[in-house]
Amino acid sequence: MTDTGLESGPNANSTTVADFVERNTGYYSVAFKKIQDTTGFAWSWNTMASVFGPLWGAARGVWGFFWIFLVLELFALVQIGRGLWGELGADQLAKLERALGNIAKREAQAAELLAAGDAAGADAKLKIAENLKKVAARAQEQADLAAAEATTILLIGLAILALVKLLEGLYANVAYEAHYLKWRADQDSQQVGIRTSSTVFGAIMMLAIMPLTLLRFTVRAPDEILANLTGGLIGETIPVTEFPIQREYFSALSRRGDAAFDWAAANFSNTFDGITAAIRWCLDGLEILLLQTPWPVVMLVIVVMAYRLAGPRIAIFTAASLAYLAFMGLWELSMITVALIGAGAMLCILIGVPFGIWFGKSKRAYAVAEPVLDFMQTMPAFVYLIPIIAFFGTGKPPGVLATLIFAMPPVIRLTALGMRGVPDATKEAAIAFGCSRRQLLFNVELPLALPSIMTGINQTILMSLSMVVIASLIGADGLGALILESLQYAAKGQGLLGGLAILLCAMVIDRIAQGSYRRKIGKS
């Protein structure tokens, strides 16, 4: 048996356990020994844990116990609160009150019409009143049934609370013994004994969570009560519409954001126009190359390129993919899409790989850039379209810019990962043999980091593909516009064929871009 820090014997009182628990050392020594000597679940009862519940866990630093049983106790207390003061039939009583008011109104109108000699109008009003009386009767019946359930809900809540208290008493020592073993392994990271700070923090958490949750689930108008309580504390009346905080701050900040966008668009319009013109020039060049050239010529060149770079299998796949695009009449739209994907992916690689090399060599630079990359990669793609439209307008160049923001983080991250993965011993050996910094980068680090870099390029191409349809929302033509049209008119077949065309375009680009590398890996 491994050493557990517990002495043998029924009344063992180990110094190690005493150092850990600080209070009730004899009780916990016996309890821990029983748990460790028992196969399966050890039946051990802790009265203090059962009485004080989550607060015991906070005082002893067993925070898993604290949060689990705080939630369970809160669930039981919500049921008890619903049974005691929950106003279970309040919505039906409100419906009954409205119905009775409408009944009195219709009867008064009927009396007025009858006095005026309009018997037919009075009869119509009385028929409406009779129908409302039926609605009122049903509401009263449902309110009575809901109120009758209060006792049942109260008993269920009490039963759940009793069960939770039983579980707290049975599980506390097991959880505390596991906490003790963690302390044995790392004494600096675990709390020992009872700490006042932990107890106070646990009590604050319970006071912050329990009353508000009970109020929310057991009271008909919690916002009104909170407003009255807060107003009483600060000595003034708070309108219910302002508690909790409505959208006044949101509206003010959104107006400031609009003003900031307008200011930037007005003062840096030349810069934005220059960026748009550069991207448009790149796109126009690709589209002229792919669209103005006869499609059999373009197809032949692409297939030969695939054969030379990636081998006969990829060449056959490329030929079949391009034939599908041609025979389906999607050649022009596909070449526009290839130009969009190609321009976006090319810019991502040209910008992202140098940044990835820099971040791979500089931990400080990567620490600064990582939050920015997280923001770029996790922000929903539709959000990028808002500043893009504000600064660059609509069309294909803004679509490429949105793709650039969304698709560049993977190639940066994976390039940096590949650079950091180059063994230090290899770099030291290369320097010892007289490598310059440039030779070290291009002849040692980049070849060894190439698998990771190529994975980043693959991910960037796929993410550029995912932006094609989204960019069509701001006027980027191509297959994305075809998919958008299919969504608008529920053209299921058209959408499926267009989606397959986008997939084939991306696969052809990826296979050709990584062809020589994959062939080299296959031969090695």
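**Exercise 1. Which residues of helix H11 are buried?**

Solution. The structure is a predicted model, and a residue is called buried when its relative accessible area is under 20%. Applied to H11, that criterion selects Phe272, Thr276, Ile279, Cys282, Leu283, Glu287 and Leu290.

**Exercise 2. Work out what span helix H11 should have, and compare it with the distance between its end C-alpha atoms.**

Solution. Begin with the extent of the helix, which covers residues 269-292 and therefore holds 24 residues. The expected span is 1.5 Å times one less than the number of residues, so H11 should span 34 Å. The end C-alpha atoms of the helix are 32 Å apart, which agrees with that expectation.

**Exercise 3. Identify the residues of the positive surface patch, and state which helices each supply at least two of its residues.**

Solution. The patch is formed by Lys95, Arg98, Lys134 and Arg138. Helix H6, which runs over 90-115, and helix H7, which runs over 119-185, each supply at least two residues of the patch. Taking one member in detail, Lys95 is found in helix H6. A patch residue needs over 30% relative accessible area, and Lys95, with a value of 38%, is partly exposed.

**Exercise 4. Describe the nonpolar surface patch that contains Phe355, and place Phe355 in its helix.**

Solution. Met346, Leu350, Ile351, Phe355 and Trp358 make a nonpolar surface patch of about 480 Å². Phe355 lies in helix H14, which comprises residues 331-361. The relative accessible area of Phe355 is 35%, and this residue is therefore classed as partly exposed.

**Exercise 5. Examine the backbone of Glu22 and Asn24 in the loop between H1 and H2.**

Solution. Glu22 is placed in the loop between helix H1 (15-21) and helix H2 (25-37), and Asn24 lies in the loop between H1 and H2 as well. Most residues other than glycine have a negative phi. Glu22, although not a glycine, has a positive phi of about 65 degrees, and Asn24, likewise not a glycine, has a positive phi of about 55 degrees. As for accessibility, Glu22 counts as partly exposed because its relative accessibility is 41%.

**Exercise 6. Locate Val383, and set its sequence separation from Ala402 beside the distance in space.**

Solution. Val383 is found in helix H16, residues 381-392. In sequence Val383 and Ala402 are 19 residues apart, while their C-alpha atoms are 9.6 Å apart in space. With a relative accessibility of 34%, Val383 counts as partly exposed, since that class lies between the buried limit of 20% and the exposed limit of 50%.

Key:
Residues numbered from 1 in each chain as written. Predicted model: local features only at pLDDT ≥ 70, side-chain atom pairs only at ≥ 80, totals over all residues. Heavy atoms only, no water. Patch = residues over 30% accessible without salt bridge, like charges linked within 9 Å, V, L, I, M, F, W, Y side chains within 5 Å. Areas by Shrake-Rupley, 256 points an atom, 1.4 Å probe, with all protein chains shown as cover. Salt bridge = Lys/Arg side-chain N within 4 Å of Asp/Glu carboxyl O. Lys, Arg positive; Asp, Glu negative; His and termini not counted. Charge placed at Lys NZ, Arg CZ, Asp CG, Glu CD. Helix = DSSP H or I, 4+ residues; strand = E, 2+ residues; numbered from the N terminus. Buried < 20%, exposed > 50% of the residue type's maximum accessible area, 1.4 Å probe, protein only.
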